Amino acid sequence: MLTDLGGTPDEDAAYRYLITVPSATAATIATELDRPVPAVTVALAALARRGLVTSAGADPVRHVAAPPTIAGQVLLNQQREALVRAEAGLAELVKAYRQGSALRAVTEVVEVIKEPDAVRQRVTGMLRGARREMLALVAPPFLAITVDDEDAQIPVRVSGANRTVYDRRIFETPGALESARTYAHAEDEWRVHDRVPMKLIIVDRELAVLSTVYAETGPPGTMLVHRSTLLEALLGFYELIWSQSVPLSLGLAVTPADSPLSDEERLVLSLLLTGMTDQAIAVHLGVGHRSVQRTVRRLMDLAEVGTRIQLGWHAHRYGWLGPA
């Protein structure tokens with residue numbers, strides 16, 4: 001309990017022992033816990049400062065635990081007070097930062113970073129710090145942002161409402177769809193655009209990161225844009241691309257109970273509407289070409305249409321992949 005409320009393992013162990021006995025000396029506690037006497041003495045002093053332990057007698061001093069109901073409430077109150085102070089301090093920092101942002105020169109609104117390690121560090125920190133939303137435009141080549149976890153590479157997870165627009169050309173590469181599924185959450189939203197013009201990430205509508213140049217035309221770099229009219233323009237550009245894009249189902253969300261489509265049909269329809277060929281869909285899903293054709297035929301029969309264009313209109317009109 002105490003470790004969850006800011007205490008050390010020695011403090012937690014000493015208190016847990018003391019509540020099982022009327023009183024005990026530091027030497028007795030050290031023997032029972034198999035810990036050095038100096039370490040136990042330090043832990044007892046810390047517990048006494050918190051009002052969790054009282055001492056009585058002399059030569060040797062005996063220690064008595066305060067009742068857990070009182071001790072727990074004392075610690076909870078201390079933690080609440082510390083959180084209130086931390087929140088107030090953070091609010092002051094945010095206020096000062098925003099005031100400073102308004103006074104930034106143009107050169108301070110935009111940062112250009114060229115070192116790959118520095119780019120990864122800044123972007124990873126930006127995503128981990130997201131509180132409300134993450135907006136992303138993903139253009140070829142597809143590069144997932146990961147962090148080292150001992151010997152493994154794990155994707156950066158983002159909290160909040162996340163929307164991503166993929167360039168259709170990304171899914172021409174075998175395995176790209178499965179990679180996108182690996183880094184997605186069921187509650188996220190995805191769309192596909194015929195041609196996404198740049199890589200862009202916007203976090204909490206406060207900070208954006210985008211590629212500055214194409215690798216084939218010059219040294220690659222990354223630009224960080226802080227709160228400014230330029231950031232507002234990037235937000236407007238993102239919403240324009242989003243509005244022109246086609247919904248994409250990655251097969252992660254639970255299919256609504258009233259949906260006329262199965263999970264497989266929703267996924268095939270979604271990929272079909274991105275402009276993929278039947279063969280490309282089959283490769284991505286690991287099924288046969290004819291299996292995809294049969295699924296498309298079932299969808300056309302269900303919609304009572306004769307062409308794939310009509311199927312796309314029907315799917316949009318009746319919200320088969322989301323709100324119409």
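Among contacts in the protein chain between residues at least 6 apart in sequence, what percentage join residues at least 24 apart? In this predicted model, the share is 65%.

**Figure 1. Overview of the protein chain, with its helices and strands.** The chain contains twelve helices and 13 strands. It has 324 residues, and 38% of them count as buried. The accessible surface of the chain amounts to about 18600 Å². Carbon and sulfur atoms account for 57% of that surface.

**Figure 2. Close-up of helix α9 and the elements that cover it.** Helix α9 spans residues 263-273. Eight of its eleven residues are buried, so the helix is largely enclosed by the rest of the structure. The buried residues are Glu265, Arg266, Leu267, Val268, Leu269, Ser270, Leu271 and Leu272. Their cover includes the helices α7 (176-182), α10, α11 (289-303) and α12 (308-317), together with the strand β13 (246-248). Just after α9, Gly275 adopts a positive phi of about 105°.

**Figure 3. Close-up of Met276 in the loop between α9 and α10.** The loop that holds Met276 leads from α9 to α10, the latter formed by residues 278-285. Met276 has a relative accessibility of 9%, and therefore counts as buried, the limit being under 20%. Leaving aside residues up to four places away in sequence, Met276 touches Phe171, Leu271, Ile281 and His284. Of these neighbours, Leu271 is also one of the buried residues of α9. The C-alpha atoms of Met276 and Arg168 are separated by 8.2 Å, although the two residues are 108 places apart along the chain.

**Figure 4. Close-up of the packing of helix α2 against helix α3.** Helix α2 comprises residues 26-33 and helix α3 residues 37-49. Their axes lie 9 Å apart and form an angle of about 115°. The two helices are therefore roughly perpendicular to each other. Their crossing is right-handed. From α2, the contact involves Ala26, Ala27, Ile29 and Ala30; from α3, it involves Val37, Val40, Thr41 and Leu44. By class, seven of these contact residues are nonpolar and one is polar, while none is charged.

**Figure 5. Close-up of the packing of helix α11 against helix α12.** The axes of α11 and α12 are 10 Å apart, and the helices pack at an angle of about 65°. The crossing of this pair is left-handed. Val296, Leu299, Met300 and Ala303 of α11 meet Arg308, Leu311 and His314 of α12 in the contact. Five residues of the contact are nonpolar, one is polar and one is charged. Both helices are also among the elements that cover the buried residues of α9.

**Figure 6. Close-up of Asp204 and Glu304, two loop residues with positive phi.** Most residues other than glycine have a negative phi. Asp204, which is not a glycine, has a positive phi of about 55°. This residue lies in the loop between the strands β10 (200-203) and β11 (207-211). With a relative accessibility of 2%, Asp204 counts as buried. Glu304, likewise a residue other than glycine, has a positive phi near 60°. Glu304 is located in the loop between α11 and α12. Its relative accessibility is 73%, and Glu304 therefore counts as exposed, for which the limit is over 50%.

Terms used:
Residues are numbered from 1 along each chain as its sequence is written. This is a predicted model: local features need pLDDT of at least 70, side-chain atom pairs count only at pLDDT 80 or more; totals for chains, interfaces and linings use all residues. Side-chain values use heavy atoms; hydrogens and water are left out. Helices (H or I, at least four residues) and strands (E, at least two) are DSSP runs, numbered from the N terminus. Buried means under 20% relative accessible area, exposed over 50%, partly exposed in between (1.4 Å probe, protein chains only). Contact means heavy atoms within 4.5 Å. Accessible areas come from the Shrake-Rupley method with a 1.4 Å probe; for residues, only the protein chains shown count as cover. Axes are lines fitted to C-alpha atoms, for helices over the stretch in contact, and angles run from 0 to 180 degrees between N-to-C directions. Angles under 35 degrees count as roughly parallel, over 145 as roughly antiparallel, 65 to 115 as roughly perpendicular and the rest as oblique. A crossing is left-handed if the near helix is turned anticlockwise from the far one by less than a right angle, and right-handed if clockwise. Ala, Val, Leu, Ile, Met, Phe, Trp, Tyr, Cys and Pro count as nonpolar, Asp, Glu, Lys and Arg as charged, and the others, Gly among them, as polar.
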